Amino acid sequence: MTRNKLIPILTTLTLIAVTSIITAHILAATPTMHPMIRHGTDYVSTVYSLNWAGYVIPAREGTVTSVAGSFIVPSVTCTKQTTYVALWAGLDGYNDSTVEQAGIAVECSGGKPMYWSWYEFYPSPSVEISGFTVKPGDVIYVNVTYVGGNSFQITIKDLTRNEAYTVTGSVSGALLSSAECILERPTVNGQLTALANFGTAYFGQDYTNVMGTCYATVGGSTPAFGNYPSTVEIVMTAYNGKVLAQPSTLTPDGSSFTVTYVSSDK
């Protein structure tokens, strides 16, 4: 084959490859991390939710001003089914309709996982953080802080890869009434997605050597999640009550826990 004939063929193949990548990215549905959806009977220290699993600190309105959480990016097992999972730390969303948050998400599509980082000032849509690498096993640190005037500063760091991103945004009507470290199945086009098989997700564990293994500032004090008497465990269930994701108990210092995949309801 001559060189002149080879160049157009290579150009065509390159364009096909680029088009495939762009198309795959465009066709991948954009998930939304949503305020907690309650489901079933709540108990004193346990709440059942259709979309969240983890721990939350509910508090009086206007008193929750910061949250810091760290977690390990799980290695997700994909099938042919399209599934999702997100891990994040944030403020609000437990008893109200806003959430200020950041974390990582995974989409399984066509048997392959796609990992990315994001932030969200809900009800505004989530924003993918361009150029921020996320891989299984990475340690992620998130801090969300209220800075006044309906504004919040979000910082997300990949401590494994020494990457960081900071953004400030405004949220009207934020109540500053809860802090969370959460694993979630997002919504797509207003519908709950199937939960990806994430195995076991690790929150905290003090990997970071920084104050951020699930701490919250409430009324000026910043202890670990487990040191608040109001801390609530959240178990993710399906509509029929089947458990989808189960948190462990908090560690003795109150800062760390795991969430275990149990089932998908799709």
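A salt bridge is a side-chain nitrogen of Lys or Arg within 4 Å of a carboxyl oxygen of Asp or Glu. This is a predicted model, in which local features need pLDDT of at least 70 and side-chain atom pairs count only at pLDDT 80 or more, whereas totals for chains, interfaces and linings use all residues. Residues are numbered from 1 along each chain as its sequence is written, and side-chain values use heavy atoms, with hydrogens and water left out.

Q: How many salt bridges does the rule give?
A: The count comes to three salt bridges.

Q: What makes Arg161 and Asp138 a salt bridge?
A: The N to O distance between their side chains is 2.7 Å, which is within the 4 Å of the rule, so the pair is called a salt bridge.

Q: Where in the chain do Arg161 and Asp138 lie?
A: Arg161 is in the loop between β9 (151–158) and β10 (163–170), and Asp138 is in the loop between β7 (127–128) and β8 (139–148). The two are 23 residues apart, and the pair links distant parts of the chain. The strands named here are DSSP runs of E with at least two residues, numbered from the N terminus.

Q: Why is Asp138 called buried?
A: Its relative accessibility is 2%. Buried means under 20% relative accessible area, exposed over 50%, and partly exposed in between (1.4 Å probe, protein chains only); Asp138 therefore counts as buried.

Q: What makes Arg161 partly exposed?
A: Arg161 has a relative accessible area of 36%, a value between the two limits, so Arg161 is partly exposed.

Q: How do you know that Arg161 forms a salt bridge with Asp158?
A: The closest N and O atoms of Arg161 and Asp158 are 4.0 Å apart, which satisfies the rule of within 4 Å. Asp158 is buried, with a relative accessible area of 1%. Asp138, Asp158 and Arg161 are thus linked in a network of salt bridges.

Q: What makes Arg185 and Asp265 a salt bridge?
A: Their closest N and O atoms are 3.0 Å apart, so the pair meets the rule. Arg185 lies in the loop between β11 (178–184) and β12 (187–188) and Asp265 in the segment after β18 (257–261), so the salt bridge ties together parts that are 80 residues apart in sequence.

Q: Which of the two, Arg185 and Asp265, is buried, and which is partly exposed?
A: Arg185, at 0% relative accessibility, counts as buried, while Asp265, at 24%, counts as partly exposed.

Q: Why is Val73 called buried, and which residues does Val73 touch?
A: At 2% relative accessibility, Val73 counts as buried. Val73 sits in the loop between β3 (64–72) and β4 (83–91). Its contacts (heavy atoms within 4.5 Å) include Ile104, Tyr115, Val134 and Asp138, not counting residues up to four places away in sequence. The C-alpha atoms of Val73 and Val134 are 7.7 Å apart in space, although the two residues are 61 apart in sequence.

Q: What is the phi of Leu176 and of Asn189, and is each buried or exposed?
A: Leu176 has a positive phi of about 55 degrees although it is not a glycine, and Asn189, also not a glycine, has a positive phi of about 55 degrees. Leu176 counts as buried at 8% relative accessibility. Asn189 counts as exposed at 76%.

Q: What pLDDT does the chain average?
A: The chain averages a pLDDT (the predictor's confidence in each residue, from 0 to 100) of 88, and 86% of the residues score at least 70. Over residues 1–27 pLDDT stays under 50.

How values were computed
Helices (H or I, at least four residues) and strands (E, at least two) are DSSP runs, numbered from the N terminus.
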